[in-house]
Each structure stands twice: as C-alpha cells, then as structure tokens.
Amino acid sequence: MKIQITWLGHAAFLFDFAGVRVVTDPYLRGNPAAKVNAADLPADLILVTHGHNDHVGDTVEIAGKSGASVISNTEICSWLDERGVKKTLPLYISGARKTAFGSVKAVSAVHGSSLPDGSYGGLALGFLLSAEDGRRIYFAGDTGLFGDMKLIGDEGIDVAILPIGGVYTMGAADSIRAIQLIRPKVVIPMHFNTWELIRQDASAWEREVSAKTSARPVVLPVGGVLEL
Ligand code: NI
Ligand code: MN
C-alpha cells in the first residue's frame, strides 16, 4: 500500500492511504502557515484530536463539502452533530474503529480540549492510524511529554508526528525524550513556526534527533510530502 503524508501547516496533515484520504486537525482559515483552502480539500475521513480552535478549525466546512466522516471524542462529535456534520464517529482512549484503510485507535494526550464557543470538549486525544499492511502512524495531537508514550511505542510505530513548538505543547527538548520512549522509525515535527510564540529551529531539532535517538527525522515544508 502506498502511503503519502502531506503537511498542510500546524497540526493539519493530509494522509493518502492508497486513495483513502484522511485529514487531521484541519485548521486552514486564519492559519498563517496554511497554503490550501478548506473548500478545496478532498477528504474521506477527518480526525480531530481536541476542541481548540487551531484543531477543530474548518472541520464543519470540509465535512460538509467533501462528505467526509469525522472521528473525535464523544463531546466534540456531539458538538459537530449540532452543527450539521452528517457522519461523526465517536472514539475514546483505547477505543478503535475499522476504517477504509485499516483502523484508527484513540490514545491519550496530555492537554486541554475546550471548544471555540467555550463548550466542554472532553479529553484531548492522540491517534494511531494503522494501515491494512500493518504499518502504523502515531499522530500525537497537542500534548506534553508523558511516560505512557512508551506503551504507545510498544505497539510498533513506523512514523510519529509530534508537536515541537513549546509553550502549548512539548518543545524540542521534551520531544527528544518522547522519541526515545516511542522509538519510531521516522519522526515528523508539527505545531511549530505557525506563530512567533512557537518558533523553533527545525535544523537544530533534526541534528538532536539524529544524535540522541534511532529515529530518522523528516522536516517537511508546508505542502511537502513524505511517501512511505
Ligand atoms: Ni490545543
Ligand atoms: Mn494547538
């Protein structure tokens, strides 16, 4: 199975699993780093890790235009239902669902989750995306470092996508400790350089990853694609 991973900016990624298109945290409108319009984004499935505006983003519009299903926690799914999203698939920590490309499992993230209008957004999630051929991607969402990342790593991670921006999430130093716990083959950084407050030196991070972990760092430019 051919898998393509495209960074759309911030925590928004487009995964293509042999033609099945999965979008994460589609914050595009108002995102200074984004280059694509929500209206043009093809999607079969949208994954929303938590309720913050820079993650829920344009989910309602993209689901409406593309007809994509949305996986998120129970509270965010109910909130999206009320806003006209036709197909929501609630998932909570350790829960999994079969998908057209394999499966999606929810894992913990250490972070908040209130929705843009102040509604309660449940617990923040990360996701494990498993392809039918067994390859597995860990999309961490917004999170701090936590020891149970080792348990996530025990599942066997081919690609980990981790926040490195600091302030709201792990910064570069804690992300190195996270990689040591997760032990992925490849690691892609996200949630940095969207704003000045989360500015990071990606080249310095890349060198640290290579020196201190066994993972291969892949720093994608916005619009950049990794093919597996
Ligand atoms: Ni957040
Ligand atoms: Mn965020």
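This passage describes the metal sites, one helix and several individual residues of a predicted model.

Confidence in the model was examined at the outset. The chain has a mean pLDDT of 98, and 100% of its residues reach 70 or more. Among its elements, strand 11 (residues 159–163) has the highest mean pLDDT, at 99. The lowest mean, 97, belongs to helix 2 (residues 59–66).

Two metal ions are present in the model, a nickel ion (ligand 1) and a manganese ion (ligand 2). Four residues coordinate the nickel ion (ligand 1). They are His50 through NE2, His52 through ND1, His111 through NE2 and Asp142 through OD. The coordination distances run from 2.2 to 2.3 Å. Along the sequence, these donor residues follow the spacing H-x1-H-x58-H-x30-D. The pair His50 and His111 links distant parts of the chain, 61 residues apart. His50 sits in the loop between strand 4 (45–47) and helix 1 (53–56). His111 sits in the loop between strand 8 (102–108) and strand 9 (125–131). Their exposure was also computed. His50 counts as buried because its relative accessibility is 0%, under the 20% limit. His111, at 23%, counts as partly exposed. The geometry of the nickel site is irregular, with angles of 88 to 176° among the four donor atoms. The upper value rules out a tetrahedral assignment, because that requires all angles to lie between 85 and 135 degrees.

The manganese ion (ligand 2) is also coordinated by four residues. Asp54 and Asp142 contribute OD atoms, and His55 and His191 contribute NE2 atoms, at 2.2 Å. The donor spacing along the chain is D-H-x86-D-x48-H. Asp54 and His55 are both buried. The two sites share a ligand: Asp142 bridges the manganese ion and the nickel ion, which lie 3.2 Å apart.

Helix 3 (residues 74–82) was examined next. Its residues Ile76, Cys77, Trp79 and Leu80 are buried. Seen down the helix axis, the buried residues fall within an arc of 160°, so they line one face of helix 3. These buried residues pack against helix 1, helix 2, strand 5 (69–72) and strand 6 (88–90). At the start of helix 3, a side-chain oxygen of Asn73 comes within 3.1 Å of the backbone nitrogen of Glu75. After the helix comes Gly84, with a positive phi near 95°.

Three further buried residues lie in other elements. Thr24 belongs to strand 3 (residues 20–24). Its relative accessible area is 0%, so Thr24 is buried. A polar atom of the Thr24 side chain lies 3.0 Å from the backbone oxygen of Ala11. Beyond four places in sequence, Thr24 touches Ala11, Ala12, Phe13, Phe15, Leu47 and Phe139.

Leu128 is part of strand 9. With a relative accessible area of 0%, Leu128 is likewise buried. Its contacts beyond four places in sequence include Ser103, Val104, Val107, Ile137, Tyr138 and Ile157. Ser94 is 34 residues from Leu128 along the chain, and their C-alpha atoms are separated by 9.9 Å.

Ile182 is located in helix 5 (residues 172–182). Ile182 counts as buried, at 0% relative accessibility. Not counting residues up to four places away, Ile182 touches Tyr138, Met149, Gly153, Ile157, Ala160 and Leu162. Asp154 is 28 residues away from Ile182 in sequence, but 7.4 Å away in space, C-alpha to C-alpha.

Backbone angles were considered last. Most residues other than glycine have a negative phi. His10 is not a glycine, yet its phi is positive, at about 60°. His10 lies in the loop between strand 1 (3–9) and strand 2 (12–17). It counts as buried, because its relative accessibility is 1% and the limit is 20%. Asn193 also has a positive phi, near 65°. This residue lies in the loop between strand 12 (186–190) and helix 6 (202–212). Asn193 is partly exposed, with a relative accessible area of 28%.

How values were computed: Residues are numbered from 1 along each chain as its sequence is written. Chains are lettered from A and ligands numbered from 1 in the order in which they are written. This is a predicted model: local features need pLDDT of at least 70, side-chain atom pairs count only at pLDDT 80 or more; totals for chains, interfaces and linings use all residues. Side-chain values use heavy atoms; hydrogens and water are left out. Donors are N, O and S atoms within 2.8 Å of the metal (3.2 Å for Na, K and Ca); water is not among the atoms, so sites may look incomplete. Four donors count as tetrahedral if all angles lie between 85 and 135 degrees; four count as square planar and six as octahedral if opposite donors are over 155 degrees apart and all others between 65 and 115; anything else is irregular. Helices (H or I, at least four residues) and strands (E, at least two) are DSSP runs, numbered from the N terminus. Buried means under 20% relative accessible area, exposed over 50%, partly exposed in between (1.4 Å probe, protein chains only). pLDDT is the predictor's confidence in each residue, from 0 to 100. A polar contact is a pair of N or O atoms within 3.5 Å; within protein, one must be able to donate a hydrogen and the other to accept it, and residues adjacent in sequence count only if both atoms are side-chain atoms. Contact means heavy atoms within 4.5 Å. The arc is that of the directions from the helix axis to the C-beta atoms.
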